[in-house]
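Biologist: I am new to this structure and would be grateful for a close look at a single part of it. Please describe how its helices pack against one another, and begin with the core.

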Amino acid sequence: MPLLLDPTRLRITAILLAAGEVEFGFVRDRVGLTDSALSKQLKTLATAGLTTSRREPTGAVRRTWVRLTTDGRQHVSTHITALRDIASTDGS
């Protein structure tokens with residue numbers, strides 16, 4: 001999937017694959033992006049059907065929770081498997 005060739009999007013999706021549904025700030029802090037940069041990346045991934053999000057009120061603050069869709073999990077898993085295969089190739 002071409003979207004996953006971008007290292008930032010691959011990091012975001014790998015975090016979501018490993019963690020399941022996580023709070024926006026968790027992803028932001030792990031990837032090291034600003035809120036606006038992460039929002040832009042998540043919008044791109046959501047438009048492609050790879051992620052989904054929901055907002056939940058937590059006290060006075062509304063938190064956003066993000067996760068991979070079923071298709072997103074499949075695409076990311078397949079992409080990571082392909083990268084592992086490439087990395088393990090000994091050139092023979």
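**The core and the helix contacts**

Modeller: In the largest nonpolar core there are 16 residues, and those with the most contacts inside it are Ile12, Leu16, Val27, Leu38 and Leu42. At least two residues of this core come from each of α1, α2 (24–31), α3 (35–47), β3 (61–68) and α4. The model described here is a predicted one. As a general background, nonpolar side chains in soluble globular proteins tend to be buried together.

The packing of α1 on α4 may be taken as the starting point. Helix α1 covers residues 7–19 and helix α4 covers residues 70–88; they pack at an angle of about 110°, and their axes are 10 Å apart. Because angles of 65 to 115 degrees count as roughly perpendicular, that makes α1 roughly perpendicular to α4. The crossing in which α1 passes α4 is left-handed. On the α1 side, the contact involves Leu10, Thr13, Ala14, Leu16 and Leu17, which meet Arg73, Val76, Ser77, His79, Ile80 and Leu83 of α4. Sorted by class, this contact of α1 with α4 has seven nonpolar, three polar and one charged residues.

Two residues of this contact deserve individual attention. Thr13 lies in helix α1, and its relative accessibility is 0%, so Thr13 counts as buried. Neighbours within four places in sequence aside, Thr13 is in contact with Leu4, Leu45, Leu68 and Val76. Arg73, by comparison, is placed in helix α4 and counts as partly exposed, because its relative accessibility is 33%. When residues up to four places away in sequence are not counted, Arg73 touches Leu16, Leu17 and Leu68. Arg73 and Ala18 are 55 residues apart in sequence, while their C-alpha atoms are 9.9 Å apart in space.

The packing of α2 on α3 completes the description. These helices pack at an angle of about 105°, with 10 Å between their axes, and α2 and α3 are therefore roughly perpendicular to each other. Phe24, Val27 and Arg28 of α2 make this contact with Asp35, Leu38, Ser39 and Leu42 of α3. Its residues divide into four nonpolar, one polar and two charged. Leu38 links this contact to α1: neighbours within four places in sequence aside, Leu38 is in contact with Ile12, Phe24, Val27, Arg28 and Leu33. Leu38 and Ile12 are both among the residues with the most contacts inside the largest nonpolar core.

Terms used:
Residues are numbered from 1 along each chain as its sequence is written. This is a predicted model: local features need pLDDT of at least 70, side-chain atom pairs count only at pLDDT 80 or more; totals for chains, interfaces and linings use all residues. Side-chain values use heavy atoms; hydrogens and water are left out. Axes are lines fitted to C-alpha atoms, for helices over the stretch in contact, and angles run from 0 to 180 degrees between N-to-C directions. Helices (H or I, at least four residues) and strands (E, at least two) are DSSP runs, numbered from the N terminus. Angles under 35 degrees count as roughly parallel, over 145 as roughly antiparallel, 65 to 115 as roughly perpendicular and the rest as oblique. A crossing is left-handed if the near helix is turned anticlockwise from the far one by less than a right angle, and right-handed if clockwise. Contact means heavy atoms within 4.5 Å. Ala, Val, Leu, Ile, Met, Phe, Trp, Tyr, Cys and Pro count as nonpolar, Asp, Glu, Lys and Arg as charged, and the others, Gly among them, as polar. Buried means under 20% relative accessible area, exposed over 50%, partly exposed in between (1.4 Å probe, protein chains only). A nonpolar core is a set of buried Ala, Val, Leu, Ile, Met, Phe, Trp, Tyr and Cys residues joined through side-chain atoms within 4.5 Å.
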